[in-house]
Amino acid sequence: MKEKKKGVIKGKRERYAQKNNSRNTRKTDKAPSKIKAQHAEAKRARRERKPAEFTSKSENSQYIQWFPGHMTRTKRKIQEDLKLVDAVAEIIDARVPLSSRNPDLPSMIGSKPRVILMNKCDLADPRITKQWTEYYKSKGIRAIELDCKTGAGIGNFTSAVKAVLADKIAVWESKGMVNRALRVMVVGIPNVGKSTFINRISKTSKAKTEDRPGVTRGNQWFTLSSGGVNIDLLDTPGVLWPRFDDQTVGERLAFTGAVKDDVTDTEQLALRLLEFFKERPTKALYERFSLTKDDMELPAHELLSLIAQKRGMLVSGGEPDTERAAVMILDEFRSAKLGRLTLETPDEVK
Ligand code: G4P
């Protein structure tokens, strides 16, 4: 029987807890030997973590390792559930458009129409965001700029979905199916803002949450009505991880806070970020830490000490407290207090 629930949409933790619970209770959920082997390999690698292996760019580079144990299952689930939707909305972080996505997604979704939602545009360099939207346009992909915190750009979502489904809608209308709901699967790696997007669009449109156990167990749908268009949003079935084989991906996601600080060395991470800033200094960086052009020529570790001193962050004995300064720099970068910085440009696309 159909079970309808109105009201507040679940928070990220609840959603993930629910997904994990349902995974744990499924009879068929026994880890296949491949996954078990992956876990064993992961454990072994964790024990033998060697920072020096990933120092190709700088001595401050560090080893950031995640283990995407559920990836195979997620891929399978996405492919299964594609049958239920007309289009896919892929959310990415506009500061790291390359690192914040799983590059296998296009092959996973095949010919299904796709819209890219460049979220967190409020934190990204607007000039580079434009370069990205132009780049996507040149590839025939529709991308929209979003700031889900304030809702800026959210109004373009419906028209973007309608545009990528224009041919399908014309066919439906020719068969007399007018105002048929457009079904869209929302996908994205953790922390790009999927929950915030769903909450935001639900506030701006009439929304209700709905489990459709008869259709596919465990899937959560959000039914919206916006500007006379009905949209059924399907929340990501599982956790879609980013790509792990390139260390810069882990590092850039760590800069943005998508990788938890407890799996990274904060001071080394801040040093790497300062190296980035040395190449592309922002006005805000100069101003917030009263830095000069000469200061920016210092090696990253000296620059970090200088910033600690300038902010009066000292340990007993008067030495600069570089650990505290590192946390502050990362926090200020993540909240764009050091300027709106985008770490990846379209010419990096391989
Ligand atoms: P997820 O479901 O994809 O994992 O991401 P989620 O919505 O939980 O968002 C992750 C973090 O990103 C949240 O911050 C959220 O507020 C923030 N966020 C989402 N969209 C935007 C955006 O467009 N701009 C900015 N500046 N931030 C955004 P948090 O610190 O983890 O939680 P909260 O305390 O802000 O709720």
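## A helix wrapped up inside

Let's start with helix α9, which covers residues 247-256: eight of its 10 residues are buried, so this helix is largely enclosed by the rest of the structure. The buried ones are V249, G250, E251, R252, L253, A254, F255 and T256. What lies over them? The cover includes β2, α10 and α13, the last of these spanning residues 322-334. Just after α9 comes G257, and its phi is positive, near 95°.

One residue of α9 is worth a second look, and that is E251. It counts as buried because 25 C-beta neighbours sit inside 10 Å, and the cut-off for being buried is 20 or more. E251 also has a partner from elsewhere in the chain: S99 is 152 residues away in sequence, yet the two C-alpha atoms are 9.2 Å apart in space.

## The whole protein

Time to step back. Keep in mind that this is a predicted model. The protein contains 13 helices and eight strands, and 34% of its 350 residues count as buried.

How much of the contact network links residues 24 or more positions apart? Among contacts with a separation of 6 or more, such pairs make up 71%.

## Two nonpolar cores

In soluble globular proteins, nonpolar side chains tend to be buried together. Here, the largest nonpolar core has 43 residues. Which of them have the most contacts inside that core? They are A87, L117, M118, V161, V184, V186 and L233. Both strands and helices feed into this core: the elements giving two or more residues are β2 (87-93), β3 (114-119), β4 (142-145), α6 (156-164), β5 (182-187), α8 (194-204), β7 and β8.

Apart from this core lies another one, with 29 residues, and F255, F277, A300 and A308 are among them. You have already met F255 as one of the buried residues of α9.

## Around V186 and K194

V186 has plenty of company. Setting aside its neighbours within four places in sequence, V186 is in contact with A89, I91, K194, F197, I198, L233, L234, D235 and T236.

Now look at K194 from that list, which has its place in helix α8. Is K194 buried or exposed? It counts as buried, with 23 C-beta neighbours inside 10 Å. Again leaving out neighbours within four places in sequence, the contacts of K194 are I91, V186, G188 and T236. As for D235, its C-alpha atom is 8.3 Å from that of K194, although the two residues are 41 apart along the chain.

T236 also leads us to T74, a residue of helix α3 (residues 71-81). Their C-alpha atoms are separated by 8.9 Å, while along the chain they are 162 residues apart. T74 is buried too, with 21 other C-beta atoms within 10 Å.

## A hairpin of two strands

Next up are strands β7 (residues 220-226) and β8 (residues 229-234), which run antiparallel and are joined by six bridges. If you want a pair to find in the structure, S225 stands opposite N230 in β8. Two residues lie between the strands of this hairpin, and G227 takes a positive phi near 55° there.

## Helices that cross

Two packed helices are described by the angle between their axes and the distance between the axes. Take α10 (residues 266-279) and α12 (residues 300-310): their axes come within 9 Å and cross at roughly 100°. The two helices are therefore roughly perpendicular to each other. On the α10 side, the contact is made by A270, L271, L274, E275 and K278, and on the α12 side by A300, H301, L303 and L304. Sorted by class, these residues are six nonpolar, one polar and two charged.

Helix α12 has a second packing partner, α13. Here the axes are 9 Å apart and the angle is about 90°, so α12 and α13 are roughly perpendicular to each other as well. Which residues make this contact? From α12 come L304, S305, I307 and A308, and from α13 come T322, R324, A325, A326 and I329. This contact of α12 with α13 has six nonpolar, two polar and one charged residues. Notice that L304 takes part in the contact with α10 and also in the one with α13.

Terms used: Residues are numbered from 1 along each chain as its sequence is written. This is a predicted model: local features need pLDDT of at least 70, side-chain atom pairs count only at pLDDT 80 or more; totals for chains, interfaces and linings use all residues. Helices (H or I, at least four residues) and strands (E, at least two) are DSSP runs, numbered from the N terminus. A residue is buried if 20 or more other C-beta atoms lie within 10 Å of its own, exposed if 12 or fewer, and partly exposed in between; C-beta atoms are placed from the backbone. Two residues are in contact if their C-beta atoms, placed from the backbone, lie within 7 Å. Two strands pair if DSSP finds at least two bridges between them. Axes are lines fitted to C-alpha atoms, for helices over the stretch in contact, and angles run from 0 to 180 degrees between N-to-C directions. Angles under 35 degrees count as roughly parallel, over 145 as roughly antiparallel, 65 to 115 as roughly perpendicular and the rest as oblique. Ala, Val, Leu, Ile, Met, Phe, Trp, Tyr, Cys and Pro count as nonpolar, Asp, Glu, Lys and Arg as charged, and the others, Gly among them, as polar. A nonpolar core is a set of buried Ala, Val, Leu, Ile, Met, Phe, Trp, Tyr and Cys residues joined through C-beta atoms within 7 Å.
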